[in-house]
Amino acid sequence: MRNLRNGIIVVLMALFSITNYAQSPSDVDGEYTLGEKNTVVKIEKQNEVYSGKIISSDNPKAKIGKLIIKDIKLKKGKWRGKIYAPRRSEWYDAEFIPNEKSIEIKIKAGFFSKTIEWLRK
């Protein structure tokens with residue numbers, strides 16, 4: 001009886017760890033909501049790199065289909081790529097840190113850096 005109980009516990013623990021692993025976001029792909037204007041960006045893999053485009057927005061100035069994330073690759077355990085800053089019309093280096101409910105983006109420009117968070121949709 002004791003062996004049966006221990007066997008059931010092991011099986012339940014294995015199933016729990018598998019479901020948690022399957023739900024944890026190891027990739028940056030997905031749809032993210034950002035800003036006050038409900039802009040949605042979809043990041044997906046294309047030719048071994050990830051890129052992101054605006055797929056919807058309440059902002060009349062947002063251009064649907066506009067590429068704003070590019071060249072994201074996993075390098076030395078970190079997701080790195082570029083993000084477009086529409087106000088400056090420039091691309092900046094960025095590090096992407098996926099979480100269960102969001103993605104943090106650390107943008108670097110010279111000596112300055114800024115971290116923003118987009119929520120998973």
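Select K45 first; K45 is found in strand 2. The model is a predicted one. K45 has a relative accessible area of 48% and is partly exposed, because the exposed class begins over 50%. Now add D29 to the selection. K45 and D29 are 16 residues apart along the chain, and their C-alpha atoms are separated by 7.0 Å.

Keep K45 on screen and show the side chain of E48. Which kind of contact do the side chains of E48 and K45 make? They meet in a salt bridge, at 3.8 Å from N to O. E48 has a relative accessible area of 63% and is exposed, whereas K45, at 48%, is partly exposed.

**Along strand 2**

Next, select K42 and E44. The side chains of K42 and E44 also meet in a salt bridge, with 4.0 Å from N to O. K42 counts as partly exposed, at 33% relative accessibility. E44 counts as partly exposed too, at 33% relative accessibility.

Go on to T39, which lies in strand 2, residues 39–46. Is T39 buried or exposed? T39 is buried: its relative accessible area is 10%, and buried means under 20%. To see what surrounds T39, select Y32, T33, L34, I54, S56 and S57, which T39 touches when residues up to four places away in sequence are not counted.

Now select N38. N38 sits in the loop between strand 1 (30–34) and strand 2. With a relative accessible area of 42%, N38 is partly exposed. Look at the backbone of N38 here: its phi is positive, about 55°, although N38 is not a glycine. Most residues other than glycine have a negative phi.

**A second positive phi**

Move to D71, in strand 4 (residues 67–75). The phi of D71 is near 60°, again a positive value in a residue other than glycine. D71 counts as partly exposed, at 39% relative accessibility.

**Between strands 6 and 7**

Select K108 and E95 and show their side chains. K108 forms a salt bridge with E95, and the closest N and O atoms are 3.8 Å apart. K108 lies in strand 7 and E95 in strand 6 (residues 90–98), so the pair ties together parts that are 13 residues apart in sequence. How does accessibility compare across this pair? E95 is buried, with a relative accessible area of 10%, while K108 counts as partly exposed at 35%. Side chains of opposite charge can pair when their charged atoms come close. The count of salt bridges in the model comes to four, and the pairs visited on this tour are among them: K42 with E44, E48 with K45, and K108 with E95.

**The largest pocket**

Turn next to the largest pocket, which holds about 1100 Å³ of space. Which residues should be selected to find its centre? Of the 27 residues that line the largest pocket, L34, Y84, A85, P86 and R87 are the closest to its centre. L34 has already appeared on this tour as one of the residues that T39 touches.

Now colour the strands that contribute to the lining. Strand 5 (78–85), strand 7 (102–109) and strand 8 (112–120) each supply at least two residues. Which strand gives the most to the lining? Strand 8 does, with five residues. Colour the lining by class as well: 14 residues are nonpolar, four are polar and nine are charged.

**The whole chain**

Finally, clear the selection and show the whole chain as a cartoon. The secondary structure comes to one helix and eight strands. Read along the sequence, the pattern is α-β-β-β-β-β-β-β-β.

Switch to a surface view. The accessible surface of the chain comes to about 9000 Å², and 53% of that belongs to carbon and sulfur atoms. Of the 121 residues of the chain, 25% count as buried, and T39 and E95 are among the buried residues. As for contacts in the chain with a separation of 6 or more, 22% come from residues 24 or more positions apart.

Definitions and conventions. Residues numbered from 1 in each chain as written. Predicted model: local features only at pLDDT ≥ 70, side-chain atom pairs only at ≥ 80, totals over all residues. Heavy atoms only, no water. Helix = DSSP H or I, 4+ residues; strand = E, 2+ residues; numbered from the N terminus. Buried < 20%, exposed > 50% of the residue type's maximum accessible area, 1.4 Å probe, protein only. Contact = heavy atoms within 4.5 Å. 1 Å grid on protein atoms, 1.4 Å probe; cavity = no way out; pocket = protein on both sides within 12 Å on 5 of 7 lines; lining within 4 Å. Points joined across faces, edges and corners; volume = space filled by probe spheres on them. Nonpolar A, V, L, I, M, F, W, Y, C, P; charged D, E, K, R; others polar. Areas by Shrake-Rupley, 256 points an atom, 1.4 Å probe, with all protein chains shown as cover.
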